[in-house]
Each structure stands twice: as structure tokens, then as C-alpha cells.
Amino acid sequence: MSDHVYRLSEIVGSSQTSVDDAVRTAIRKAAETVRHIEWFETKEIRGQVVDGDVGYFQVRLSIGFRVED
């Protein structure tokens with residue numbers, strides 16, 4: 001296994017369904033333009049309340065992607 005260098009980027013995903021869906025939405029969207037994403041770290045979970053119920057889940061993530069040689 002060779003040594004790698006990684007870069008970090010921060011993204012925010014949102015979903016009306018769940019925290020899990022917000023994470024998956026963010027990763028899928030980022031993967032459309034960022035190559036070599038290898039991991040993520042959840043930084044913050046928050047949401048919006050609408051009429052006394054959860055309207056949206058929002059998750060702030062750091063993603064790690066390998067810098068090309």
C-alpha cells in the first residue's frame with residue numbers, strides 16, 4: 001500500500017426523510033464532481049421545524065478525497 005495525501009472539503013446535505021438520507025444525498029451529489037472520495041465525517045446535525053414537526057434534516061459533513069499523483 002502506498003502513502004496517500006488527502007484533501008478535505010465541507011458539504012451540507014438535506015432531506016425531508018432522515019439524517020441518513022441527508023448524508024447519502026450529500027455524498028452522491030459531491031461524487032458527481034469530486035473524484036476519489038474515500039471517507040466522510042459527520043460534523044453537525046440540525047433541522048428545520050415546520051408546524052410543530054420536522055420539516056428538514058440537515059447534516060454538515062467533511063469529506064476526504066485522495067489527491068491524485
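Two strands are taken to pair if DSSP finds at least two bridges between them. In this predicted model, strand E2 and strand E3 (residues 53–66) are joined by 12 bridges and run antiparallel. Within this pairing, Arg46 stands opposite Gln58 in E3.

**Architecture of the sheet**

The pair belongs to an open sheet of three strands, ordered E1-E3-E2, with antiparallel pairing. Strand E1 (6–15) and strand E2 (37–50) are the edge strands, since each of them pairs on one side only. On average, neighbouring strands of the sheet are turned by 15° against each other, direction ignored. As a general matter, strands of a sheet pair through backbone hydrogen bonds, either parallel or antiparallel.

**Overall form**

The protein contains one helix and three strands. Along the sequence these elements follow the pattern β-α-β-β. The radius of gyration is 14 Å, well over the 11 Å that the globule rule gives for 69 residues, so the protein is more spread out than a compact globule. The C-alpha atoms fill a box of roughly 50 × 20 × 15 Å along the principal axes.

The table collects values for the whole protein.

| Property | Value |
|---|---|
| Residues that count as buried, of the 69 in the protein | 20% |
| Contacts joining residues at least 24 apart, among those between residues at least 6 apart in sequence | 63% |
| Exposed area of the protein | about 5200 Å² |
| Part of the exposed area supplied by carbon and sulfur atoms | 47% |

**Surroundings of Ser15**

Ser15 is found in strand E1, which is one of the edge strands of the sheet. Its relative accessibility is 4%, and Ser15 therefore counts as buried, because the term applies under 20% relative accessible area. The side chain of Ser15 reaches the backbone nitrogen of Thr17 at 2.9 Å. When neighbours within four places in sequence are left aside, Ser15 is in contact with Asp21, Ala22, Tyr56 and Phe57. Of these partners, Tyr56 and Phe57 lie within the residue range of strand E3, 53–66, the strand placed between E1 and E2 in the sheet order.

**Summary**

The model thus presents an open, antiparallel sheet of three strands in a protein that also has one helix. Strand E1 pairs on one side only, and Ser15 in that strand is buried at 4% relative accessibility.

Conventions
Residues are numbered from 1 along each chain as its sequence is written. This is a predicted model: local features need pLDDT of at least 70, side-chain atom pairs count only at pLDDT 80 or more; totals for chains, interfaces and linings use all residues. Side-chain values use heavy atoms; hydrogens and water are left out. Helices (H or I, at least four residues) and strands (E, at least two) are DSSP runs, numbered from the N terminus. Axes are lines fitted to C-alpha atoms, for helices over the stretch in contact, and angles run from 0 to 180 degrees between N-to-C directions. The radius of gyration is taken over C-alpha atoms; the globule rule is 2.2 Å times the number of residues to the power 0.38. Buried means under 20% relative accessible area, exposed over 50%, partly exposed in between (1.4 Å probe, protein chains only). Contact means heavy atoms within 4.5 Å. Accessible areas come from the Shrake-Rupley method with a 1.4 Å probe; for residues, only the protein chains shown count as cover. A polar contact is a pair of N or O atoms within 3.5 Å; within protein, one must be able to donate a hydrogen and the other to accept it, and residues adjacent in sequence count only if both atoms are side-chain atoms.
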